[in-house]
Amino acid sequence: MFDGLKALNAKISKIYSEFLVYEDFEKMAEGDDVRFCLSYLKEKKFPNIDSFSDIYEIEEFLEQYRRSEITKLRGFLPLRYSDFLKAYLERINIEKIIKILRALRMNKEPKVENLIIGSNKINFKDESFESFIENLKGTHYYDYIKNYKSSQDEDALFSIEMNLEKFYYRNLVESIKSLPKKDVDGFKEIFGVNIDLLNIIWIYRAKKYYNISPEEIFNFTIFGGNYNSESLLKLSYLEESEFEENIKNSKYAVLFSAGRVIRTGRTAKKTMYSIAKKNFRRTDGIGKFMSFLVLLDYEIANIERMLEATRFGLNKDEKLKYMIIDREGSEQVGR
């Protein structure tokens, strides 16, 4: 408990009350083009939204929205939470680095406005895959990707992405170790569960679709969730059918219920959304704040999914199936 808790709760609740709801996405799904969706967003939520030349500019706008919403809450949090907030916001740079590397790997111009790490602006214009990674030297990302800078292996980018994700969550877990036990427990209920779900999706897909060795599967698992390293090692070495049976007997049984087969991980995202929403309603303080961060992520993800689905010409029902919500009938078996 800390001074300003009521003010933090009130501010979070106010921001959350302005989030888009399912009915908003239903209305957007009626449109035939992205301009219709943007017009709705301008009227409903983003009065300063401009026209965009492509989907990447919209993603940049939404990233700025994410940062601004979190920044509004910074002043309500005690200083001891600054490390957590800093670690959480690392994801913005990591996502930019991945976008840049994907583009450079395909010899395309990266659709990223800028990349600022600390006080340094990292150049990626007119760079190669290798030279851009070299430009990251001196940052805490470099050690996780330097071994792949000269690699022509088609799996190099995959390994980089997995290593950066592992770094992100390791950093996030480290950032909360000095917090009170109640806050650490709150972290486990939200981000710990998220880490569990990411590990389950990774292990299952690695076994079912990619025939990856147990050693490599374990190497890319993320520590800091509710499964300890010994449990993750055991899961990595199970046969596919044994792994599925293990999860069916856990609190994550919904991932395989009713004949589901993990493909895109949408059921896991929907599960995470539902947990965060329930936690947001029943907790105060840091637990509520952490739940809010997850719900903010999914609001943005749903906007991006709706815009993408509209861009590809899906009908209304198909668009709504891709929304990350906890509404009955919002997903198909096997997603």
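Let's start with a charged pair: Arg311 and Glu308 form a salt bridge, with their closest N and O atoms 3.0 Å apart. Keep in mind that this is a predicted model. That pair is one small piece of a bigger picture, since a search of the whole structure finds 24 salt bridges. Below we go through some of those bridges, then two helix pairings, then a few single residues.

**Salt bridges**

- Here's the basic idea: side chains of opposite charge can pair when their charged atoms come close.
- Back to the opening pair: both Arg311 and Glu308 sit in helix α14, three residues apart, which is about one turn of the helix.
- Arg311 is partly exposed, at 47% relative accessible area, and Glu308 also counts as partly exposed, at 26%.
- Next up is Lys45, which pairs with Glu299 in a salt bridge whose closest N and O atoms are 3.2 Å apart.
- Lys45 belongs to the loop between α3 and α4 (55-74) while Glu299 belongs to helix α14, so this pair ties together parts that lie 254 residues apart in sequence.
- Are the two partners buried or exposed? Lys45 has 16% relative accessibility and counts as buried, and Glu299 is buried too, with a relative accessible area of 3%.
- Then there's the salt bridge where the side chains of Glu109 and Lys125 meet, at 3.6 Å from N to O.
- Glu109 is in the loop between α5 and β1 (116-117), and Lys125 is in the loop between β2 (120-121) and α6 (129-135), so here the linked parts are 16 residues apart in sequence.
- Glu109 is partly exposed, with a relative accessible area of 45%, and Lys125 is partly exposed at 35%.
- Some charged residues link up as a group: Glu63, Arg66, Arg91, Glu95 and Asp297 are joined in a network of salt bridges.

**Helix α3 against helix α14**

- A quick tip for reading this part: two packed helices are described by the angle between their axes and the distance between the axes.
- Helix α3 (residues 34-44) packs with helix α14 (residues 285-311) at an angle of about 150°, and their axes are 8 Å apart.
- An angle over 145 degrees counts as roughly antiparallel, so α3 is roughly antiparallel to α14.
- Which residues make the contact? From α3 come Val34, Cys37, Leu38 and Leu41, and from α14 come Ile303, Met306, Leu307, Thr310 and Arg311.
- Sorted by type, this contact has seven nonpolar residues, one polar and one charged.
- You've already met Arg311: besides being part of this contact, Arg311 forms the salt bridge with Glu308.

**Helix α5 and its partner α8**

- Helix α5 (residues 82-105) is 24 residues long and spans 35 Å from its first C-alpha to its last, close to the 34 Å expected at 1.5 Å a residue.
- How much of α5 is buried? This helix is mostly covered, with 17 of its 24 residues buried.
- After α5 comes Asn107, which has a positive phi, near 60°.
- α5 packs with helix α8 (residues 156-175) at an angle of about 175°, with the axes 9 Å apart.
- That angle makes α5 roughly antiparallel to α8.
- On the α5 side the contact includes Phe84, Tyr88, Arg91, Ile94 and Leu101, and on the α8 side it includes Leu157, Ile160, Glu161, Phe167 and Tyr168.
- The whole contact of α5 with α8 breaks down into 14 nonpolar residues, two polar and six charged.
- Arg91 turns up twice: in this contact and in the salt-bridge network with Glu63, Arg66, Glu95 and Asp297.

**Single residues to look up**

- Thr221 is in the loop between α10 (214-219) and α11 (229-237), and this residue is buried, with a relative accessible area of 0%.
- What does Thr221 touch? Leaving out residues up to four places away in sequence, Thr221 touches Lys166, Asn199, Trp202, Ile203, Leu232 and Ser236.
- Glu69 is found in helix α4 and counts as buried, at 6% relative accessibility.
- With residues up to four places away in sequence not counted, Glu69 touches Ile15 and Leu296.
- Phe76 is in the loop between α4 and α5 and is partly exposed, at 29% relative accessibility.
- Phe76 and Phe129 are 53 residues apart along the chain, and their C-alpha atoms are separated by 41 Å.

Methods
Residues numbered from 1 in each chain as written. Predicted model: local features only at pLDDT ≥ 70, side-chain atom pairs only at ≥ 80, totals over all residues. Heavy atoms only, no water. Axes fitted to C-alpha atoms, helices over the stretch in contact; angles between N-to-C directions. Helix = DSSP H or I, 4+ residues; strand = E, 2+ residues; numbered from the N terminus. Parallel < 35°, antiparallel > 145°, perpendicular 65-115°, else oblique. Contact = heavy atoms within 4.5 Å. Nonpolar A, V, L, I, M, F, W, Y, C, P; charged D, E, K, R; others polar. Expected span 1.5 Å × (residues − 1). Buried < 20%, exposed > 50% of the residue type's maximum accessible area, 1.4 Å probe, protein only. Salt bridge = Lys/Arg side-chain N within 4 Å of Asp/Glu carboxyl O.
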